[in-house]
Amino acid sequence: MSFAFDGTRRVPPAVNEPVRSYAPGAPETVRLKARLDAMATEVPEIPVVIGGRRIHTGDVGTVTMPCDHRHVLATVHQATPALVEEAIADGLAAQREWASWRWEDRVAVFLRAAELLTTSWRDTLTGATMLGQAKTVHQAEIDAACELIDFWRFNAAFAESLYAEQPLSDHSMWNQQDYRPLEGFVYAVTPFNFTAIGGNLPGAPAMMGNVALWKPSQTAMLSAWHTFRLLEEAGLPPGVINFVPGNAAAVSDVALGHRDLAGVHFTGSTGVFNSMWATIGANMGKYRSYPRIVGETGGKDFIVAHASADVQALAVAMVRGAFEYQGQKCSAASRAYVPASLWPEVRDRCVAMMAEMKQGDVRDFSNFVAAVIDRRAYDRLAAAQAEAKRTATVVAGGGASDATGWFVEPTLVLAEDGGHRLLCDELFGPLLTVHVYDDARWSETLALVDRTSPYALTGAVFARDRAAVRVATAALRQAAGNFYINDKPTGAVVGQQPFGGARGSGTNDKAGSKMNLMRWVSPRTIKETFAPPTDWRYPYLG
Ligand code: NAD
């Protein structure tokens, strides 16, 4: 017997998940440490999942711990092209049922997932993110727990608000907007650096009635796998999200060449996104609809300080903004512009703070910095450190060791040339390059900040002088999609600072906002006339 709920339902109000402190000896600390110990000895075998079926292909890769790269955390079965085809077909079949559910029932799955994550699943997702992606406990907490919970809860509220938007009508007609899901599947490709993005990229389209093919990052596989299992436990029907780990190019080849590709939800590097866009362009003749292409990509995020800046606040923002999570946030501060009058003081304070920061395994909670994600990142960053030594001045740090883990020391560099490569290219690691400018050249410096890199993701201005804040906010209007005044350029919170940038940083569809959800619906407008005309002649015909 079918049942249709009568009544206008409202989702519970979305409130940001409080951040737990994990102070020494706190109950949450004791519990998490026990879970970390257990997880370090479990070696789950991660399958491909299609329509709820676990598939072991036998083509197995390993997931290792960045802080101890000989330690295997999991094995993972790689999808074959035939399985990717099968996953797409299965998803399209699942969509017939899923898209017919009322939106309240769909979002209820994600609200339940959020609640499970606040409670019984929190340690597992936080622990997986610490071990697998080398996040310190605080970084893992604000990502794998708080941000993912926020994405799911806030998106449910944004969905309610979007569906409530209806056109005008009058007594003679009723106009209605039917927010259809896209016709086809959404290809969700997620990066290594945020567990929350892993849950959001397939999750947001799914909430809106779509099905997603999820290709997780090889180096965030442990947290992605647990996120997927959590969604299953929350009641997500089989096939709504199919989980296809595998070779990125091979999976993309099938997904981007498929007639039913309805959208791409991507976060990762600009180069990969550009190549996906080019493939879609080349395949245009194949598709049933124009695919929605949403991608949040790289950054070369700046801090620019005015001579009126508070030196201590500036130095703290520089070291936190640049070195937390080893600089592997798309929003990480990687270039700073400091006036000559403040530089000696700012430099000394940064150097003193860096000397106090401990680096090591994330299981030692007193470490502030851990390892970078993998060998490729390590080599790239060690090469950048060498380049800094050759072509600029290393003020602090500059060391690296790959003996046990991929440890790259936080490094502060001074570059005289405002066009130095280290000020332009995304390096994605704990390397902050400073350019010192003449105090009198404030406007010229803002112009330099604006033109120096192809990205426009985040940026910050530090000044006490309000006029300087106004000038910077205007001059840097297009230089950052998330702009901060007297704050570090990282740490956007869902519902508070909708996140995304422009230029080479992506399509700026603002993850965790109504703007993003709009990309996953294709509205159908329905006009119903209550008393249609019965005479073909208009009065003006006489
Ligand atoms: P990446 O581009 O290497 O990988 C991202 C995803 O793309 C992974 O799942 C990867 O397997 C896949 N991929 C790789 N090659 C592919 C190909 N040829 N075709 C299709 N998919 C392919 O990025 P990453 O190292 O995981 O993440 C770091 C990057 O992500 C940085 O550039 C960072 O700035 C960016 N990022 C941006 C945001 C944002 O909101 N703007 C957020 C997080 C990360």
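**Cavities, pockets and sheets**

The count of cavities of 30 Å³ or more comes to three. Keep in mind that this is a predicted model. Every value I give is computed from that model.

Let me start inside, with the largest cavity. The volume of the largest cavity is about 80 Å³. Its lining is made of 15 residues. Which of them lie closest to the centre of the cavity? They are Gly327, Ala332, Ser334, Phe428 and Gly429. By class, the lining of the largest cavity has seven nonpolar residues, four polar ones and four charged ones.

Now to the pockets. The largest pocket holds about 1000 Å³ of space. Five elements give two or more residues each to the lining of the largest pocket. Two of them are strands, β7 (185–189) and β10 (261–267). The others are helices: α8 (248–256), α9 (270–282) and α12 (375–391). In total, 41 residues line the largest pocket. Nearest its centre you will find Phe192, Gly268, Ser269, Val272 and Arg376. What is the make-up of this lining: how many nonpolar, polar and charged residues? The split is 17 nonpolar, 16 polar and eight charged. Both domains take part in the largest pocket. Domain 1, residues 31–297 + 506–526, gives at least three residues to the lining, and domain 2, residues 301–485, also gives at least three.

Next, the second largest pocket. Its space comes to about 770 Å³. The lining of the second largest pocket has 39 residues, and those closest to the centre are Ile142, Glu147, Gly491, Ala492 and Val493. Where does the lining come from? At least two residues each come from α5 (137–163), α6 (195–207), β10, β11 (292–296) and α10 (311–323). Helix α5 supplies the largest share, with seven residues. The classes here are 18 nonpolar, twelve polar and nine charged. Why does the second largest pocket lie between domain 1 and domain 2? Because domain 1 (31–297 + 506–526) and domain 2 (301–485) both give residues to its lining. Note strand β10 on your way past. It contributes to the lining of the largest pocket, and β10 contributes to the lining of the second largest pocket too.

On to the sheets. I will take two of them.

One is an open sheet of three strands, ordered β1-β5-β4, with mixed pairing. Its edge strands are β1 (45–46) and β4 (60–65), each paired on one side only. So much for the edges; now the pairs. Strand β4 runs antiparallel to β5, residues 68–77, and six bridges join them. These two strands, β4 and β5, make a hairpin, with two residues between them. Look at the individual partners. Thr62 faces Thr75 of β5. Val63 has Ala74 of β5 as its bridge partner. What about the pair on the other edge, β1 with β5: parallel or antiparallel? Strands β1 and β5 run parallel, joined by two bridges. There, Glu45 stands opposite Thr75 in β5. Thr75 therefore deserves a second look on your screens. It stands opposite Thr62, and Thr75 also stands opposite Glu45.

The other sheet has seven strands, and it is open as well. The order reads β14-β17-β18-β13-β12-β20-β21, and the pairing is mixed. At the edges sit β14 (393–396) and β21 (482–485), and each pairs on one side only. From one strand to the next, the twist averages 20°. Take the β14 edge. Strand β14 pairs with β17, residues 411–414, through three bridges, in the antiparallel sense. Within that pair, Ala396 stands opposite Leu412 of β17.

Last topic, salt bridges. Side chains of opposite charge can pair when their charged atoms come close. How many salt bridges does a search of the whole structure find? The search gives 29. Here is one of them. Arg288 pairs with Asp260 in a salt bridge, and their closest N and O atoms are 3.1 Å apart. This pair links distant parts of the chain, with the two residues 28 residues apart. Arg288 sits in the loop between α9 and β11. Asp260 sits in the loop between α8 and β10.

Terms used. Residues are numbered from 1 along each chain as its sequence is written. This is a predicted model: local features need pLDDT of at least 70, side-chain atom pairs count only at pLDDT 80 or more; totals for chains, interfaces and linings use all residues. Side-chain values use heavy atoms; hydrogens and water are left out. On a 1 Å grid over the protein atoms alone, a cavity is a set of points where a 1.4 Å probe fits but cannot get out, and a pocket is an open set with protein on both sides within 12 Å along at least five of seven lines; lining residues have an atom within 4 Å of a point. Grid points are joined across faces, edges and corners, and a volume is the space filled by probe spheres set on the points. Helices (H or I, at least four residues) and strands (E, at least two) are DSSP runs, numbered from the N terminus. Ala, Val, Leu, Ile, Met, Phe, Trp, Tyr, Cys and Pro count as nonpolar, Asp, Glu, Lys and Arg as charged, and the others, Gly among them, as polar. Domain bounds come from an automatic or database domain assignment. Two strands pair if DSSP finds at least two bridges between them. Axes are lines fitted to C-alpha atoms, for helices over the stretch in contact, and angles run from 0 to 180 degrees between N-to-C directions. A salt bridge is a side-chain nitrogen of Lys or Arg within 4 Å of a carboxyl oxygen of Asp or Glu.
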